[in-house]
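Reader: I am new to this structure, and I would love a close look at one part of it. Could you take me through the place where the ligand sits, and then the surroundings?

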Amino acid sequence: MHYTDLVKPELLAQPIYQPGKPIEDVARELGLDPDTVLKLASNENPMGASPQAIRAAKESLDSIQLYPDGGCFRLKQALSEKFGLSSEQFIVGNGSNEVLELLGHALIDKGDEVVMGKGAFIVYKLVTLLFGAVPVEVPMREYRHDLAAMAAAVNERTKIVFLASPNNPSGTHNEAADIVAFAESLPDHVVFVLDEAYAEYLDDAADLRPLIASGRRIFCTRTFSKIYGLAGLRIGYGYGASELVGLLNRAREPFNANSVAQAAACAALEDGEWVARCQAANAAGLAQLRAGFQALGLECIDSMANFLTVNVGDGLATFEALQREGVIVRPLAPYGMPEWARFTVGLEAENARALQALNSFLSSHVGHEESPSS
Ligand SMILES: *Cc1c(COP(=O)(O)O)cnc(C)c1O
């Protein structure tokens with residue numbers, strides 16, 4: 001008898017999530033100095049967290065012998081003021097990934113169908129499979145979620161529709177008005193989950209709060225991992241009807257969000273100036289990378305998020321070659337895009353270094369292919 005005979009069959013069917021490689025791993029494997037390794041693989045904020053958030057995190061260390069506030073009172077209060085919603089409409093998670101999983105715990109049952117884009121953020125599929133439901137993956141149109149096709153995929157078995165806008169890894173987003181119309185078109189037995197992990201990078205992010213207020217079954221998730229630069233602390237949140245949030249709380253582990261993360265998140269929310277600086281730097285970095293890819297004759301999918309996905313011909317070979325130069329990017333074969341790699345926007349010098357490494361790999365590669373065989 002093996003443990004595989006004992007576990008839930010759903011677990012064995014789970015695809016393995018491949019996270020961006022940690023700097024330490026790459027440095028160890030390749031014998032590089034970790035300080036010289038550049039990670040542009042997980043859409044982290046190259047500017048780091050707000051200095052105020054870091055200060056608040058450090059101060060909170062003085063009381064880490066205490067359990068955190070399981071109800072996240074202060075953070076929910078701050079979110080409530082920021083969004084103009086009541087505190088009871090927010091749930092905080094160990095990253096928004098946990099909030100997505102709580103949706104699975106609370107809502108997804110065997111036999112359910114869950115609609116998502118083919119090429120959407122892979123966690124939707126993982127959560128769906130873990131709870132024994134059927135992922136209905138709707139092909140995208142030019143790497144963007146096809147909302148009409150997704151609406152057509154909804155039936156009486158559909159429990160959740162997941163949409164990320166901007167999506168990861170494609171970087172594409174749907175127009176706010178289209179998202180609102182899509183949300184309004186869904187039947188009452190379907191919960192529409194809008195993943196807003198990169199919403200802070202958009203000028204015109206969809207605002208579904210009026211629809212939530214009107215009783216539509218809508219739930220939105222957000223994170224402190226991206227523009228707020230707190231990925232290492234693991235903190236994210238979701239908002240929707242207080243009734244749904246109350247039910248999600250039943251599935252939640254009592255102390256899921258740690259005290260350091262809560263303190264940092266509260267301070268990060270207060271530092272709007274830092275967010276604005278990160279937004280401006282990201283826009284400049286996107287333009288720099290976009291121009292760099294163009295100069296290399298590479299097609300990239302236009303994105304307003306903090307990353308660009310580019311057709312490098314062979315995503316895995318590019319990933320490996322850049323990694324040897326100490327630059328970690330993300331190959332997209334796991335997303336069915338073997339020709340593509342995803343580059344997170346870094347600081348100006350970091351983007352230049354990544355483009356330089358890409359350029360030398362591509363030119364050596366082309367030179368190699370074109371050299372006459374001897
Ligand atoms: C990064 C990301 C998240 C955030 O994950 P956390 O668990 O909050 O770190 C959620 N959704 C998408 C689409 C992402 O790219």
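Author: Happy to; here is a walk through the ligand site, followed by the cavities and some backbone details.

A word on the model first. It is predicted, so local features need pLDDT of at least 70 and side-chain atom pairs count only at pLDDT 80 or more, while totals for chains, interfaces and linings use all residues. Residues are numbered from 1 along each chain as its sequence is written, and side-chain values use heavy atoms, with hydrogens and water left out.

Let us begin with the pocket. On a 1 Å grid over the protein atoms alone, a pocket is an open set of points with protein on both sides within 12 Å along at least five of seven lines, a cavity is a set where a 1.4 Å probe fits but cannot get out, and lining residues have an atom within 4 Å of a point. The ligand sits in the largest pocket, where "sits" means that more than half of its atoms lie within 2 Å of the grid points. About 700 Å³ of space lies in this pocket, a volume being the space filled by probe spheres set on points joined across faces, edges and corners. The lining has 34 residues, and the closest to the pocket centre are Tyr17, Asn97, Phe121, Val123 and Arg234. Helices H6 (96-107) and H7 (123-130) each give at least two residues to the lining, and H7 has the largest share, with five. Helices here are DSSP runs (H or I, at least four residues), strands are E runs of at least two, and both are numbered from the N terminus. By class, the pocket lining holds 14 nonpolar, 11 polar and nine charged residues. In this scheme Ala, Val, Leu, Ile, Met, Phe, Trp, Tyr, Cys and Pro are nonpolar, Asp, Glu, Lys and Arg are charged, and the others, Gly among them, are polar.

Now look at the ligand itself. Residues around it, with a heavy atom within 4 Å, include Gly95, Asn97, Phe121, Asn168, Asp195 and Lys226. This shell divides into three nonpolar, six polar and three charged residues. Three polar contacts (pairs of N or O atoms within 3.5 Å) are worth finding. A backbone N or O atom of Ser96 is 2.6 Å from a ligand oxygen. The side chain of Tyr198 also has an N or O atom 2.6 Å from an oxygen of the ligand, and for the side chain of Arg234 the distance is 2.7 Å. Taken alone, the ligand exposes 390 Å², and the protein buries 94% of that; these areas come from the Shrake-Rupley method with a 1.4 Å probe.

Asn168, one of the residues around the ligand, is joined to Pro169 by a cis peptide bond with omega of about 15 degrees. Pro169 lies in the loop between strand S5 and helix H9. Pro166 is in the loop between S5 (158-164) and H9 (176-185) too, and a cis peptide bond joins Ser165 to Pro166, with omega of about -5 degrees.

Ser165 leads us to the cavities. There are two of 30 Å³ or more in the whole structure. The largest holds about 40 Å³, and Ser165 is in its lining along with Ile179, Leu194, Glu196, Ala199, Leu202, Ala205 and Ala206. Six of these lining residues are nonpolar, one is polar and one is charged. The second largest cavity has a volume of about 30 Å³, and its lining includes Cys72, Lys76 and Arg252. Cys72 lies in the loop between H4 (51-60) and H5 (73-83), and has a positive phi of about 50 degrees although it is not a glycine.

Terms used
A polar contact is a pair of N or O atoms within 3.5 Å; within protein, one must be able to donate a hydrogen and the other to accept it, and residues adjacent in sequence count only if both atoms are side-chain atoms.
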